[in-house]
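Have your viewer ready and let's walk through this model together. At each stop there is something to select and something to look for.

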Amino acid sequence: MINFTNNSKTGLALGGGAALGAAHIGVLKALEEHGQQIDYVSGTSIGAMIGAFYAFGMSVEEIEKIAVNLRWLDVSSLSVSKMGLLSNQKLGNLVREELGDVTIEEAPKPLAIVATDLASGRKVVFREGDLATAVMASTCIPGIFIPVETDGKLLVDGGLVENVPIQSLKTIGAKKIIAVDINAMRLYKKPDDIIEVITNALDIAIENLSRAKADEVDLLIRPKLASYSRTVDDPEKLRELIDKGYHAANKKLNSYK
């Protein structure tokens with residue numbers, strides 16, 4: 001039996017998966033109900049945004065309210081750039097509106113955010129610097145959003161290099177690892193538009209290159225989200241995703257009592 005204690009330096013790695021990230025909120029609910037303290041947080045893509053809110057002390061209820069009211073157009077705008085169809089600057093603005101102009105190192109819980117450097121193909125782990133910029137970079141789906149330029153790098157979605165940021169979590173001090181893979185066991189369908197072409201391609205790449213493994217962590221939570229679209233924005237569907245995350249986490253946590 002795994003012994004998670006309040007002084008065990010437990011970390012939570014939240015994986016990418018666009019709108020499927022609502023399931024992370026259900027996981028957070030279950031963790032709190034079980035009294036599981038989280039000392040460190042890492043996030044990739046949507047996991048970066050939810051992880052940032054959580055690391056900065058936002059309640060699960062507050063995060064849920066933001067998530068169920070969020071729409072695709074709320075966090076993007078049309079782009080005239082040749083580098084992407086849309087800009088996710090509005091997402092950065094949302095982070096600033098909710099948390100202020102904060103830096104990553106100001107988080108009460110140590111936080112790591114993962115992005116990908118397009119020029120080198122290397123993983124970039126934000127452990128300091130402007131929080132909103134890091135979240136924008138980590139959630140920047142290539143081909144859809146304009147890459148985020150910072151410190152001379154062009155950055156896109158961290159899912160390309162570490163979709164469930166387990167190793168990045170270890171680098172900031174976590175000893176016990178809880179990981180949430182919301183992109184597992186995907187079911188693919190024929191794309192209907194360019195957005196689905198790109199997101200399907202990203203899912204396939206992640207599935208083959210960056211899948212979290214149970215032997216890498218102390219507790220791996222994989223909600224069954226195969227039938228849901230990564231771009232769902234219906235509030236009822238988002239609440240279903242939250243419930244899926246809650247039940248998956250609750251089942252896992254109960255098994256370690």
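Two strands count as paired if DSSP finds at least two bridges between them. Keep that in mind for the sheet stops below, and remember that you are looking at a predicted model.

**The whole chain.** Begin with everything shown in cartoon. The protein has 9 helices and 11 strands. Of its 257 residues, 57% are buried. Among contacts between residues at least 6 apart in sequence, 74% join residues at least 24 apart.

**Strand β1.** Now select residues 10–14, which form strand β1. Why is this strand largely enclosed by the rest of the structure? Because 5 of its 5 residues are buried, that is, under 20% relative accessible area. Turn on the side chains next. In a regular strand they alternate between the two faces of the sheet. Here Thr10, Leu12 and Leu14 point one way, while Gly11 and Ala13 point the other way.

**The neighbours of β1.** Add residues 176–180, strand β10, which pairs with β1 in the parallel sense over 5 bridges. Then add residues 40–44, strand β2, whose pairing with β1 is also parallel, over 4 bridges. Leucine 14 is a handy residue to centre on: its bridge partner in β10 is valine 180, and in β2 its bridge partner is glycine 43. To follow the chain from β1 to β2, select helix α1, residues 22–33; the β-α-β crossover that runs through this helix is right-handed.

**Helix against helix.** Keep α1 on screen and add helix α2, residues 46–55. Two packed helices are described by the angle between their axes and the distance between the axes. For α1 and α2, the angle is about 35° and the axes are 10 Å apart. The crossing of α1 past α2 is right-handed.

Which residues meet here? On the α1 side, show His24, Ile25, Leu28 and Glu32; on the α2 side, show Gly47, Ile50 and Tyr54. By class, this contact has 4 nonpolar, 2 polar and 1 charged residues.

**Along α2.** Stay with α2 and colour by accessibility: the helix is mostly covered, with 10 of its 10 residues buried. Among them are Met49, Phe53 and Tyr54. For a last stop, step just past the end of α2 to glycine 57, which takes a positive phi of about 90°.

How values were computed
Residues numbered from 1 in each chain as written. Predicted model: local features only at pLDDT ≥ 70, side-chain atom pairs only at ≥ 80, totals over all residues. Heavy atoms only, no water. Buried < 20%, exposed > 50% of the residue type's maximum accessible area, 1.4 Å probe, protein only. Helix = DSSP H or I, 4+ residues; strand = E, 2+ residues; numbered from the N terminus. Right-handed = clockwise from strand over helix to strand, strands pointing away. Axes fitted to C-alpha atoms, helices over the stretch in contact; angles between N-to-C directions. Left-handed = near helix turned anticlockwise from the far one by under 90°. Contact = heavy atoms within 4.5 Å. Nonpolar A, V, L, I, M, F, W, Y, C, P; charged D, E, K, R; others polar.
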